[in-house]
Amino acid sequence: MWGRLKELQKEERAKGGVLDMDTEIVSAITSHKPGYLDENRKELEQVVGLQTDKPLKRAFMPFGGIRMAEEACRTNGYEPY
């Protein structure tokens, strides 16, 4: 699992710091289905589910201010929904 996480982090850095971003769902504790580092080997993971439905996918959290959250999306090449 550690090797898979390191691969994803490398992809994230190569993409400029954000691998993926959710711009449609406001993040909450139950807003996303469980995400796994490796969907085919999820039984090996001890932490069940990540913050979002995909590894290293950034969640949309406007609770610190909607303009700041929208700007974070745009800065990373995403348009808020």
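How many salt bridges does the structure hold? It holds 6 salt bridges. The model is a predicted one. The exercises below work through its parts.

**Exercise 1. The overall plan**

Task: Find which helices and strands make up the protein chain, and in what order they run.

Solution:
- Step 1. Count the elements. The secondary structure of the protein chain comes to 2 helices and 2 strands.
- Step 2. Read from the N terminus. The order is α-β-β-α.
- Step 3. Add the dimensions. The C-alpha trace spans about 40 × 30 × 15 Å along its principal axes.
- Step 4. Look at burial. Of the 81 residues, 33% are buried.
- Step 5. Look at the surface. The accessible surface is about 5900 Å². Carbon and sulfur atoms own 53% of that surface.
- Step 6. Look at contacts along the chain. Take the contacts with a separation of 6 or more; residues 24 or more positions apart account for 54% of them.

**Exercise 2. A salt bridge inside one helix**

Task: Work out how Arg 4 and Glu 7 are placed relative to each other.

Solution:
- Step 1. Start with the principle. Side chains of opposite charge can pair when their charged atoms come close.
- Step 2. Check the distance. Between Arg 4 and Glu 7, N to O is 3.4 Å, and the side chains meet in a salt bridge.
- Step 3. Find the element. Both residues sit in helix H1, which covers residues 2-14.
- Step 4. Use the spacing. Arg 4 and Glu 7 are 3 residues apart in the helix, so about one helical turn separates them.
- Step 5. Check exposure. Arg 4 has a relative accessible area of 28%, so it is partly exposed. Glu 7 is partly exposed too, at 45%.

**Exercise 3. A salt bridge between distant parts**

Task: Describe the link between Glu 12 and Arg 58.

Solution:
- Step 1. Check the distance. The side chains of Glu 12 and Arg 58 meet in a salt bridge, 2.8 Å from N to O.
- Step 2. Place the partners. Glu 12 is in helix H1 and Arg 58 is in strand S2. They are 46 residues apart, so the pair links distant parts of the chain.
- Step 3. Is Glu 12 buried or exposed? Its relative accessible area is 11%. The cut-off for buried is under 20%. Glu 12 is therefore buried.
- Step 4. Turn to the partner. Arg 58 is partly exposed, because its relative accessibility is 32%.
- Step 5. List the other contacts. Leaving aside neighbours within four places in sequence, Glu 12 touches Gly 17, Val 18, Leu 19 and Leu 56 as well as Arg 58.

**Exercise 4. Another salt bridge**

Task: Compare the burial classes of Arg 41 and Asp 38.

Solution:
- Step 1. Confirm the pair. Arg 41 forms a salt bridge with Asp 38, with the closest N and O atoms 3.3 Å apart.
- Step 2. Classify Arg 41. At 38% relative accessible area, Arg 41 is partly exposed.
- Step 3. Classify Asp 38. At 19% relative accessibility, Asp 38 counts as buried.

**Exercise 5. Asp 22 in strand S1**

Task: Find what surrounds Asp 22, and which backbone nitrogens its side chain reaches.

Solution:
- Step 1. Place the residue. Asp 22 is found in strand S1.
- Step 2. Classify it. Asp 22 is buried, because its relative accessibility is 6%.
- Step 3. Follow the side chain. It reaches the backbone nitrogen of Glu 24 at 2.9 Å. It also reaches the backbone nitrogen of Ile 25, at 3.1 Å.
- Step 4. Look across the chain. Asp 22 and Arg 58 are 36 residues apart in sequence. Their C-alpha atoms are separated by 6.1 Å.
- Step 5. List contacts beyond four places in sequence. Asp 22 touches His 32, Lys 57, Arg 58, Ala 59 and Phe 60.

**Exercise 6. Core and surface**

Task: Name the members of the largest nonpolar core and of a nonpolar surface patch.

Solution:
- Step 1. Find the core. Its 6 residues are Val 18, Met 21, Phe 60, Ala 69, Cys 73 and Tyr 78.
- Step 2. Zoom in on Cys 73. Beyond four places in sequence, Cys 73 contacts Met 21, Thr 23, Phe 60, Tyr 78 and Pro 80.
- Step 3. Find the patch. Val 26, Met 61 and Phe 63 form it, with about 350 Å² of accessible area together.
- Step 4. Check one member. Val 26 is in strand S1. At 40% relative accessibility, Val 26 counts as partly exposed.
- Step 5. Move to Ser 27. This residue lies in the loop between strand S1 (20-26) and strand S2 (57-60). Ser 27 is buried, at 13% relative accessibility.
- Step 6. Add its contacts. Beyond four places in sequence, these include Met 61 and Phe 63.

Technical notes: Residues numbered from 1 in each chain as written. Predicted model: local features only at pLDDT ≥ 70, side-chain atom pairs only at ≥ 80, totals over all residues. Heavy atoms only, no water. Helix = DSSP H or I, 4+ residues; strand = E, 2+ residues; numbered from the N terminus. Buried < 20%, exposed > 50% of the residue type's maximum accessible area, 1.4 Å probe, protein only. Contact = heavy atoms within 4.5 Å. Core = buried A, V, L, I, M, F, W, Y, C linked by side-chain atoms within 4.5 Å. Patch = residues over 30% accessible without salt bridge, like charges linked within 9 Å, V, L, I, M, F, W, Y side chains within 5 Å. Areas by Shrake-Rupley, 256 points an atom, 1.4 Å probe, with all protein chains shown as cover. Salt bridge = Lys/Arg side-chain N within 4 Å of Asp/Glu carboxyl O. Polar contact = N/O pair within 3.5 Å; in protein donor to acceptor, adjacent residues only side chain to side chain.
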